[in-house]
There are 2 protein chains.
Amino acid sequence: MSLEHAILGFLNAHPYSGYNLKKIFDASVRHFWPADQSQIYRTLTRMNEKGWVEIEVVRQESRPDRKEYSITPMGRDELRRWLLSPLPPEDNRSADMIQVFFAGQFSNNEVLAMFERVAAQMRTGLERYAQIPREIEAYDEYTTSPREFFFGMLTLDIGIHSLKSNLAFVENLIERIRHGEIPEN
Amino acid sequence: MSLEHAILGFLNAHPYSGYNLKKIFDASVRHFWPADQSQIYRTLTRMNEKGWVEIEVVRQESRPDRKEYSITPMGRDELRRWLLSPLPPEDNRSADMIQVFFAGQFSNNEVLAMFERVAAQMRTGLERYAQIPREIEAYDEYTTSPREFFFGMLTLDIGIHSLKSNLAFVENLIERIRHGEIPEN
DNA sequence: TGCCATTATAGGACTTGTACTATATGCTAC
DNA sequence: GTAGCATATAGTACAAGTCCTATAATGGCA
């Protein structure tokens with residue numbers, strides 16, 4: 001489970017509440033690790049039981065009380081252990097690859113429509129990616145060092161880079177179909 | 001849910017048993033859609049209840065009886081509908097991206113070790129990808145048309161292409177760290 | 001005054017998937 | 001002759017995540 005570790009990563013820089021964490025996830029790692037609000041709260045509870053985080057209830061006058069979670073030494077150890085240990089071989093489920101895999105069951109016209117849709121989705125994906133730095137800087141509750149920010153942005157670069165090269169691939173395919181290079185049957 | 005749709009995709013070409021399907025998944029789409037044996041059987045049962053597949057029990061003498069699943073017209077409709085409809089925006093969880101995201105919490109030496117590990121994993125991933133066509137051709141229970149095979153292989157090409165470009169990116173980063181282009185703190 | 005948005009936490013029901021185990025048959029290698 | 005492997009199906013328990021809902025305070029707007 002790495003929602004726990006992603007949370008530890010953020011808490012290592014600064015203590016946050018569940019609500020804060022949801023905002024931060026949405027403004028940063030959403031594209032490669034979406035986090036459900038409900039799941040964040042449940043995970044924080046479990047992490048507290050494990051002794052990875054501590055809770056401080058912060059009274060607020062104009063707003064509901066917050067539970068501020070900070071990382072414990074045990075939590076820091078766990079984060080370090082996880083970040084420096086190899087991950088079990090990837091299990092990246094991607095339904096769009098399944099769609100492409102079975103594309104041969106349709107005519108070239110339909111495949112073309114499918115691929116154009118995929119390309120369009122990739123383009124909007126790229127746009128959304130490009131906005132992330134602004135989003136995360138706009139969320140002023142989020143504080144981090146320049147070095148950590150650099151590596152965070154680097155991850156987005158990888159995502160963008162990867163999306164761009166996939167898009168180029170798909171666009172090339174669209175051209176090949178248009179030029180009649182893929183036989184119908 | 002697209003395990004259902006992936007199964008429909010395979011059954012559209014040929015009827016298979018749960019056991020067959022497990023083999024086929026492992027020999028083809030495993031890298032972007034791993035399928036658990038237990039999950040396949042449960043899913044087939046559910047699909048039968050929905051009327052997407054039909055069961056024919058095939059008596060075998062030297063082996064346990066097989067339940068052969070074939071796609072129904074309803075199943076075909078559902079497959080077509082799904083393949084030609086846009087997917088909800090991707091939710092590709094990838095834990096290695098989380099690891100890179102938080103890499104800034106470590107020294108350049110540790111980051112280097114991390115990235116080299118990631119690069120090594122990508123290289124073995126590439127090797128495994130390259131073996132797939134041979135694997136799927138070796139599983140003689142799996143039958144498909146040349147056109148469908150072409151699109152299947154195309155999916156693998158996208159996977160390989162994407163992995164290669166990510167690997168190049170990571171290798172470039174490793175070089176940048178080695179040349180002292182990323183300040184320590 | 002009523003309605004909606006924001007801040008804040010959390011439970012219930014459900015889905016999808018994993019890990020492990022059970023059961024059964026027949027073939028092959030040692 | 002028995003251990004292990006391939007074929008074949010399926011259940012239990014659990015983990016992780018989604019969707020929807022509940023609760024509660026405040027502030028803004030019409």
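Here are legends for four close-up views of a predicted model.

**View 1. The protein surface around DNA strand D.** There are 24 residues around this strand, and B:Tyr19, B:Ser38, B:Tyr41, B:Gln60 and B:Lys67 come nearest. On the DNA side, sugar and phosphate make up 60% of the strand D atoms that come within 4 Å of the protein. Sorted by class, the surface near the strand has nine charged, eight polar and seven nonpolar residues. Looking for the top contributor? That's H3(B), which gives the most, with four residues. Helix H3 (37-50) of chain A, plus helix H2 (18-27) and strand E2 (66-71) of chain B, are among the elements that each supply at least two.

**View 2. Polar side chains meeting DNA strand D.** Check out Ser38 in each chain: a side-chain N or O atom of A:Ser38 is 3.3 Å from a base nitrogen, while a polar side-chain atom of B:Ser38 sits 2.4 Å from a base oxygen. B:Arg93 goes for the backbone, with a polar side-chain atom 3.1 Å from a phosphate oxygen.

**View 3. The largest cavity.** Its volume is about 110 Å³, and 16 residues line it, with A:Phe101, A:Phe102, B:Tyr142, B:Thr144 and B:Glu148 nearest the centre. Helices H1 (3-11) and H7 (146-178) of chain B each give two or more lining residues; H7(B) gives the most, with four. The lining has nine nonpolar, six polar and one charged residues.

**View 4. The second largest cavity.** This one has a volume of about 80 Å³. Its lining includes A:Tyr142, A:Thr144 and A:Glu148, along with B:Phe101 and B:Phe102. Here, helices H1 (3-11) and H7 (146-178) of chain A each supply at least two residues. By class, the lining splits into seven nonpolar, four polar and one charged.

Key. Residues numbered from 1 in each chain as written. Chains lettered and ligands numbered in written order. Predicted model: local features only at pLDDT ≥ 70, side-chain atom pairs only at ≥ 80, totals over all residues. Heavy atoms only, no water. Near = heavy atom within 4 Å. Polar contact = N/O pair within 3.5 Å; in protein donor to acceptor, adjacent residues only side chain to side chain. Nonpolar A, V, L, I, M, F, W, Y, C, P; charged D, E, K, R; others polar. 1 Å grid on protein atoms, 1.4 Å probe; cavity = no way out; pocket = protein on both sides within 12 Å on 5 of 7 lines; lining within 4 Å. Points joined across faces, edges and corners; volume = space filled by probe spheres on them.
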